[in-house]
Amino acid sequence: MSDEVIIRELVGPDQTMTIFPLYSQVSRLSQAVVCQRLSAMFAQSNYRCIAAYIDERMVGASGFWTGTQLWCGKYIEADNVVVDSAVRSQGIGGKMMAWIEAEAERTECAVVRIAMVLGRERTHQFYARNGSSTTAC
C-alpha cells in the first residue's frame, strides 16, 4: 500500500457523484438531492470537482468554482473540501488546496478565495493553516 496521494479531476455530474459515500460522512443530504444539486451546479458551466486518491481509494474531494467579478477579475473558489474521517489531519486537504491554487495560477486567476460557514471552527482552522486569513463569510 502506498501513501502517495494522487489528485484527479472528476468530469461531469455522473463521475462527480462518486464522491457521495465520502460526502455523506459530513452531510445528511440524500443521494438524490446531491445528484440534483450537482447537475444544477454543472449546468452553470463554472463548477469543477477534484478527488484525492490513495491506492485508487477516494480519500478526499473538493469542488471549485471559477468566475469573474468586478473587484478582483478572474477568481477560483474552493467549495466543500471533504477528507475521509479515517485519514484526516494527514495533509490531504492541503494537497487538494495546493492543486486548486496551481489550477488558479494555470488559468490566470487573480484571486483564490473560500467561503466558510460561521460556527465551523475546524473548517476555519483548516483554511488558516492553508494560507487563508479569512475567518468567515
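In the predicted model, Val-34, Leu-38, Met-41 and Phe-42 are the buried residues of helix α3. These four side chains fall on the same side of α3, because the arc they cover around the axis is only 95 degrees. On the other side of the helix, Ala-32, Gln-36 and Ala-43 are exposed. The buried residues of α3 pack against two helices, α1 (12-16) and α2 (20-23), and against the strands β2 (47-54), β3 (57-69) and β4. The length of α3 was also examined. Helix α3 comprises 13 residues (31-43), which at 1.5 Å a residue should span 18 Å; the C-alpha atoms at its ends are 18 Å apart, so the expected and modelled spans agree. After α3 comes Ser-45, which has a positive phi, near 70 degrees.

The chain as a whole contains 5 helices and 5 strands. Read from the N terminus, the order of these elements is β-α-α-α-β-β-β-α-β-α. The chain has 137 residues, and 41% of them count as buried. Among contacts with a separation of 6 or more, 55% are made by residues 24 or more positions apart. The accessible surface amounts to about 8100 Å², and carbon and sulfur atoms contribute 50% of that area.

The 5 strands form an open sheet with mixed pairing, in the order β1-β2-β3-β4-β5. Strands β1 (6-10) and β5 (111-114) are at the edges, each pairing on one side only. From one strand to the next, the twist averages 30 degrees. Within the sheet, β3 and β4 are paired in the antiparallel sense, and 9 bridges connect them. Helix α4 (residues 92-106) lies across β1, β2, β3, β4 and β5. The direction of α4 is at about 160 degrees to that of β4.

Two residues illustrate the surroundings of α3 and of the β3-β4 pair. The first, Thr-16, belongs to helix α1. Thr-16 has a relative accessible area of 0% and is therefore buried. Leaving aside residues up to four places away in sequence, Thr-16 touches Leu-10, Leu-38, Phe-42 and Cys-49. Of these contacts, Leu-38 and Phe-42 are among the buried residues of α3, and α1 is one of the elements against which those residues pack.

The second, Asp-79, is located in strand β4 (residues 73-83). The relative accessibility of Asp-79 is 25%; since partly exposed residues are those between the 20% limit for buried and the 50% limit for exposed, Asp-79 counts as partly exposed. The residue standing opposite Asp-79 is Gly-63. Phe-64 precedes Asp-79 by 15 residues along the chain, yet the C-alpha atoms of the two are separated by 5.0 Å. When residues up to four places away in sequence are not counted, Asp-79 touches Met-41, Tyr-47, Ser-62, Gly-63, Phe-64 and Trp-65. One of these contacts, Met-41, is a buried residue of α3, and β4 is listed among the strands against which the buried residues of that helix pack.

Terms used: Residues numbered from 1 in each chain as written. Predicted model: local features only at pLDDT ≥ 70, side-chain atom pairs only at ≥ 80, totals over all residues. Heavy atoms only, no water. Buried < 20%, exposed > 50% of the residue type's maximum accessible area, 1.4 Å probe, protein only. Contact = heavy atoms within 4.5 Å. Areas by Shrake-Rupley, 256 points an atom, 1.4 Å probe, with all protein chains shown as cover. Expected span 1.5 Å × (residues − 1). Arc of directions from axis to C-beta. Pairing = 2+ DSSP bridges. Axes fitted to C-alpha atoms, helices over the stretch in contact; angles between N-to-C directions.
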